[in-house]
Structure formats: structure tokens, C-alpha cells
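Let us read a model together, one feature at a time.

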Amino acid sequence: MSEGHPLLVVDAVSRFYENGSVRALDQVSLRANAGETIALTGASGCGKSTLLSLIGLLDQPTAGCLRIGGQDLAAVARPSAFRARTLGFVFQFHHMVPTMTLLENVAAPMIALSVARAERLDRARAMLAAMDLGHRAGFLPSRVSGGERQRAAVARALINRPAVLLADEPTGNLDSRNGERVIDLLLAHARSQGALVLVATHNPDIAGACDRRIELRDGRLVAARPARTTPALLCANLDAS
Ligand SMILES: Nc1ncnc2c1ncn2[C@@H]1O[C@H](COP(=O)(O)OP(=O)(O)OP(=O)(O)O)[C@@H](O)[C@H]1O
Ligand SMILES: [Mg+2]
């Protein structure tokens, strides 16, 4: 993406429920570039998951516009194909297919891109090895630990080299040691692929590991700050470009 053309543009986006009485998101605008890692923080119910769902084409805004790579998300003709090509998801719970091995789970997203079976398995094996899971490739999700399952979920989310990786409390179900391992691998591999990462989190360590932090309160963006600078440097300018 050239300067002045952010990969992600969220422009005055609102999402209301219950005839407007619940304002899950209210006029949120932000821009983000390829390769950035961004923590999305704020109290429970502030709108983090709602925003990720809109960016991930799992939901549609009540008002406003979202673009990825210049594409207006409201005008995407085949959302499932767009998701497979452009987006990766990691959720709090792994959502692995229970009857498929980790290898088959990680290889599955490549079917939508028409990658040949042998190549799918080769690439999935390499990605599992990169997540320190080579020795678990043939196991069913129920036969590995929670941390291993979540690392496999990260492998699956990154396997198609998505431009945008969306992670919703990806370590919320893990102890701190395993959570740290998952997030370290997620950020390292996403950065090496040049992906934009948005991670919703309550964990200050995860927020601190990201390039910048965006905070929501009651559906509104209240502040954004580079995570690695002092808290005194609160910055209201949300434009990354
Ligand atoms: N389908 C729905 N119908 C009505 N209200 C909803 C719906 N989905 C979410 N909300 C409301 O929208 C607001 C934002 O919810 P959201 O799930 O985005 O919060 P969150 O920041 O992800 O919270 P948490 O940290 O607990 O995951 C909340 O008040 C929630 O109750
Ligand atoms: Mg949430």
C-alpha cells in the first residue's frame, strides 16, 4: 500500500441494535497500514468484537463505510471468497473441526484458493512446524493441549497469507505462559508476512506488544496511542498515514 492509501479504512462506522437503543459502535473512524499490529482495548461491551466482525465481513454496519485495499466491503460480491483470500481469524475458542487432524484443519482454508492437495499438506506441515506443532500434526484437536490448539488456530488463520488478521481475545482461555507463546508466534509470523493485525484484548502485555493501541468506550473511539510510548503521549489523531 502506498502512503496515503491505508490498507484498512473505517469511516464513521456505526452498528446499532434494538432500534438504535444499543449503540455497539458509534461513528468510529480509523486507518491502518499493512504490517501494523494494533491492540483494540476497552471494557467489556465497549464494541471490540462488533468492530472486528464488521472488518471481517461477518456483520454489516448500520451506517458508515469500511474498505480493505480500496474495496468497499458493502460491495463485495462473494464475501466467503473475499474472506478466504484476504482475512484470517483467531477467536477465543479455537473453532477447529473436531473430526479433522490439526494438519487437515490448517490445510483446509487453501481449498477455497484451489491449491492442490499435496501442496496444501506441505504448506500446512511447514506452518505447523513454525508454530512448534510439527509433532502434533496428526492429532485431533481434542488430543492436544489448549495452547497447542490455539497455536494451530493461528497457523490456520495465517496459512493463506491474509492481508488482515483479526484476533478476538485469542489468549483469553489460556494461562499466561501459554497465552504469551501464542501471541508471540502470532505477532512474529503476521509481521513476517506483512499482515495488518487487529487484536481485541483485555491483556495489557498483549497491548504493549503491539505497535499501537486503540481504545473504545461505549462504542466510541476515545483515544489511540502508540503502545510503546509513555501513557502521557495520548494522541487523538487516529490517522495512521
Ligand atoms: N446481537 C446483538 N444484539 C443486541 N446487542 C448486541 C448484540 N451484539 C452485541 N450487542 C451489544 O453491543 C455492545 C458491544 O458488544 P461487543 O461484543 O462488541 O463488546 P466487546 O467489547 O467485544 O466486549 P467483551 O470484552 O465482553 O468481549 C454490548 O453492549 C453488547 O451487549
Ligand atoms: Mg468481545
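The dialogue below covers the ligand shell, the sheet and the nonpolar core.

Q: What kind of model is this, and how are residues, chains and ligands numbered?
A: This is a predicted model: local features need pLDDT of at least 70, side-chain atom pairs count only at pLDDT 80 or more, and totals for chains, interfaces and linings use all residues. Residues are numbered from 1 along each chain as its sequence is written, while chains are lettered from A and ligands numbered from 1 in the order in which they are written.

Q: Which residues are around ligand 1?
A: A residue is near a molecule if its C-beta atom, placed from the backbone, lies within 6 Å of it. Around ligand 1 these include Tyr17, Glu18, Gly45, Lys48, Ser49 and Thr50.

Q: Which element gives the largest share of that shell?
A: Helices (H or I, at least four residues) and strands (E, at least two) are DSSP runs, numbered from the N terminus. Here α1 gives the largest share, three residues. Both β2 (22-32) and α1 (48-55) supply at least two.

Q: In what order do the four strands of the open sheet run?
A: Strands pair if DSSP finds at least two bridges between them. The order is β2-β1-β4-β5, with antiparallel pairing. β2 and β5 (71-72) are the edge strands, each pairing on one side only. Strands β1 and β4 share five bridges. Ser14 has Ala63 of β4 as its bridge partner.

Q: Which residues does Val106 touch?
A: Contact means C-beta atoms, placed from the backbone, within 7 Å. Leaving out residues up to four places away in sequence, Val106 touches Ala124, Met127, Leu128, Ala152, Ala155, Arg156 and Ile159.

Technical notes. Two residues are in contact if their C-beta atoms, placed from the backbone, lie within 7 Å.
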